[in-house]
Amino acid sequence: MILPNKHIVPRNSLLGASALLLKRLEQPMTVSELWRYSKERKEIANYQRFVLALDLLYILGAVELCDGLLSRSKA
């Protein structure tokens, strides 16, 4: 479910969902703003997958939260 395989296409994996979120974070935004954009995407599907995708990005060090705003990590 995290990684694509022969049964899960990349856009339906958590890695694919995380890539969509990271692409949207061109400028810092709140979690609510990101959710408003994401809830319409079928790759995200529901709030649980949205949170899991954000968790994955945070664990990988791709995003950071500062003063209530999510942004791409500088490193």
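Mentor: A patch is made of residues with over 30% relative accessible area and no salt bridge, where like charges are joined within 9 Å and nonpolar side chains (Val, Leu, Ile, Met, Phe, Trp, Tyr) within 5 Å. Accessible areas come from the Shrake-Rupley method with a 1.4 Å probe, and for residues only the protein chains shown count as cover. This is a predicted model, in which local features need pLDDT of at least 70 and side-chain atom pairs count only at pLDDT 80 or more, while totals for chains, interfaces and linings use all residues. Residues are numbered from 1 along each chain as its sequence is written, and side-chain values use heavy atoms, with hydrogens and water left out.

Trainee: Which residues make the nonpolar surface patch of about 340 Å²?

Mentor: One member, V51, lies in helix α3, residues 47-59; helices (H or I, at least four residues) and strands (E, at least two) are DSSP runs numbered from the N terminus. The patch of about 340 Å² consists of V31, Y47, V51 and L65.

Trainee: Is V51 buried, partly exposed or exposed?

Mentor: Buried means under 20% relative accessible area, exposed means over 50%, and partly exposed lies in between (1.4 Å probe, protein chains only). The relative accessibility of V51 is 31%, so V51 is partly exposed.

Trainee: What is the size, in residues, of the largest nonpolar core, and which helix gives the most to it?

Mentor: A nonpolar core is a set of buried Ala, Val, Leu, Ile, Met, Phe, Trp, Tyr and Cys residues joined through side-chain atoms within 4.5 Å. The largest one has 12 residues: A17, L21, L25, M29, L34, I44, F50, A53, L54, L57, V63 and L70. Helices α1 (14-24) and α3 each supply at least two of them. The core has 12 residues, and the helix giving the most, with four residues, is α3.

Trainee: Which helices do the buried residues of α1 pack against?

Mentor: The buried positions in α1 are L14, G16, A17, S18, L20 and L21. Contact means heavy atoms within 4.5 Å. The buried residues of α1 pack against α2 (31-38) and α3.

Trainee: Which residues is S38 in contact with, leaving aside neighbours within four places in sequence?

Mentor: S38 is found in helix α2. With a relative accessible area of 0%, S38 is buried. Neighbours within four places aside, its contacts are L21, I44 and F50.

Trainee: How is strand β1 paired, and which residue stands opposite C66?

Mentor: Two strands pair if DSSP finds at least two bridges between them. Strand β1 (residues 63-66) and strand β2 (residues 69-72) have four bridges in the antiparallel sense. In β2, E64 has S71 as its bridge partner. The β1–β2 pairing is antiparallel, and the residue of β2 opposite C66 is L69.

Trainee: What does V63 touch, not counting residues up to four places away in sequence?

Mentor: V63 lies in strand β1 and is buried, with a relative accessible area of 4%. Its C-alpha atom is separated by 22 Å from that of K42, 21 residues apart along the chain. The residues it touches are L22, L25, L54, L57, Y58, L70, S71, R72 and S73.

Trainee: Which residue in the turn of the β1–β2 hairpin has a positive phi?

Mentor: Most residues other than glycine have a negative phi. The hairpin has two residues between its strands, and one in the turn has a phi of about 55°. At a relative accessible area of 77%, that residue is exposed. The residue is D67.

Trainee: What is the phi of A45?

Mentor: A45 is found in the loop between α2 and α3. Its relative accessibility is 53%, so A45 counts as exposed. A45 is a residue other than glycine with a positive phi, near 75°.

Trainee: Which residue forms a salt bridge with E43?

Mentor: A salt bridge is a side-chain nitrogen of Lys or Arg within 4 Å of a carboxyl oxygen of Asp or Glu, and the count by this rule is one. E43 is buried at 11% relative accessible area, whereas its partner is partly exposed at 29%. The closest N and O atoms are 3.5 Å apart, and the partner is R41.
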